[in-house]
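Student: I am new to this structure and would like to know how its descriptions are justified. Could we go through them one by one?

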Amino acid sequence: MGAALLFFILMRNQVARSHQTAVNITSVVVLIALYHYLRIFNSWSDAFTFVDGSYIQKGAPFNEGYRYVDWLLTVPLLLAELVIVLKLAKSTTRSLITKLSIAAIAMILLGYPGELSAADSSTRTIFGILSTLPFLYLLFVLFVELGKSLDRQSDQVRKIVNGLRFMILIIWGVYPLAYIAPSVISDEATAEVVRQVGYSLADILAKPLFGLFILAIALIKTQDEAGSLPETASA
Ligand code: RET
């Protein structure tokens with residue numbers, strides 16, 4: 001996350017001023033993640049220790065809250081950077097960001113009580129299902145409503161946005177799978193490791209990799225606009 005932050009800061013000036021907002025939001029996302037991963041790392045070290053060949057709990061609980069606070073901030077920002085880089089009509093931008101943010105916040109808030117409850121509890125299942133409803137709505141807005149606004153984009157940009165939407169579908173799909181790990185894997189320690197590795201890998205793909213694609217869109221738009229400037233000037 002730190003390396004991604006440095007990279008996005010260094011790349012910022014390669015992008016036209018009008019597209020820098022999207023790249024700046026990407027930097028903020030990885031900065032928020034860098035902070036939370038340091039906290040997650042420390043919380044993990046406080047919770048577990050290596051004794052006689054295996055890890056045991058030290059007594060302090062591992063705090064999953066850092067991850068959820070991170071998502072609460074970064075998921076709406078990730079969705080906003082996707083909409084902002086497209087430079088749609090103001091009203092469309094506002095309406096898409098509002099709908100996507102509300103869905104993202106509802107999804108994360110509803111997931112948290114489930115995340116905190118026991119692996120085999122019905123609370124975990126119920127909140128998992130409740131959280132999936134706004135997730136499905138979010139995908140509907142991305143695939144159907146955002147799709148309608150793509151006709152004014154260049155072929156190249158439309159291709160990347162299409163790819164990005166499928167990337168969201170697949171990578172974001174890892175989160176609910178990691179969430180159900182404790183319910184389907186009986187060994188508690190293995191389940192916990194699978195869940196944390198799943199969330200962390202998905203985060204690396206959903207934040208820095210996603211940001212690279214947003215940067216690519218901003219660079220293409222910068223080039224396209226630079227190419228069309230002399231024509232406009234001579235017209
Ligand atoms: C939860 C609870 C179980 C049901 C669903 C979930 C979805 C989580 C998602 C999280 C995405 C996070 C991202 C973070 C990047 O910064 C909350 C695990 C559907 C989709 C993209």
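**Aromatic pairs and the ligand**

Tutor: The model is predicted. With ring centres required to lie within 6.5 Å, the count comes to eleven aromatic pairs.

Student: What makes Tyr68 and Tyr112 a pair, and why is the pair called tilted?

Tutor: Their rings are 5.1 Å apart, centre to centre, and the limit is 6.5 Å, so they pair. The planes make an angle of 45°. Stacked needs under 30 degrees and edge-to-face needs over 60, therefore the pair is tilted.

Student: How do you know that the pair links distant parts of the chain?

Tutor: Tyr68 belongs to helix 3 and Tyr112 to helix 4, and they are 44 residues apart.

Student: What makes Thr74 and Lys207 polar contacts of the ligand?

Tutor: The cut-off is 3.5 Å between N or O atoms. A side-chain N or O atom of Thr74 is 3.0 Å from an oxygen atom of the ligand, and a polar side-chain atom of Lys207 is 2.9 Å from a ligand oxygen. Both values are within the cut-off, so both count as polar contacts.

Student: How much of the ligand does the protein bury?

Tutor: Alone, the ligand exposes 540 Å², and the protein buries 99% of that. The ligand sits in the second largest pocket.

Student: Which residues surround the ligand, and which helix gives the most?

Tutor: There are 19 around the ligand, with Thr74, Ser131, Trp172, Tyr175 and Lys207 the closest. Helix 3 gives the most, five residues. By type, the shell has twelve nonpolar, five polar and two charged residues.

Key: Residues numbered from 1 in each chain as written. Predicted model: local features only at pLDDT ≥ 70, side-chain atom pairs only at ≥ 80, totals over all residues. Heavy atoms only, no water. Near = heavy atom within 4 Å. Polar contact = N/O pair within 3.5 Å; in protein donor to acceptor, adjacent residues only side chain to side chain. Areas by Shrake-Rupley, 256 points an atom, 1.4 Å probe, with all protein chains shown as cover. 1 Å grid on protein atoms, 1.4 Å probe; cavity = no way out; pocket = protein on both sides within 12 Å on 5 of 7 lines; lining within 4 Å. Sits in = over half its atoms within 2 Å of the grid points. Helix = DSSP H or I, 4+ residues; strand = E, 2+ residues; numbered from the N terminus. Nonpolar A, V, L, I, M, F, W, Y, C, P; charged D, E, K, R; others polar. Phe/Tyr/Trp six-rings, centres within 6.5 Å; stacked < 30°, edge-to-face > 60°.
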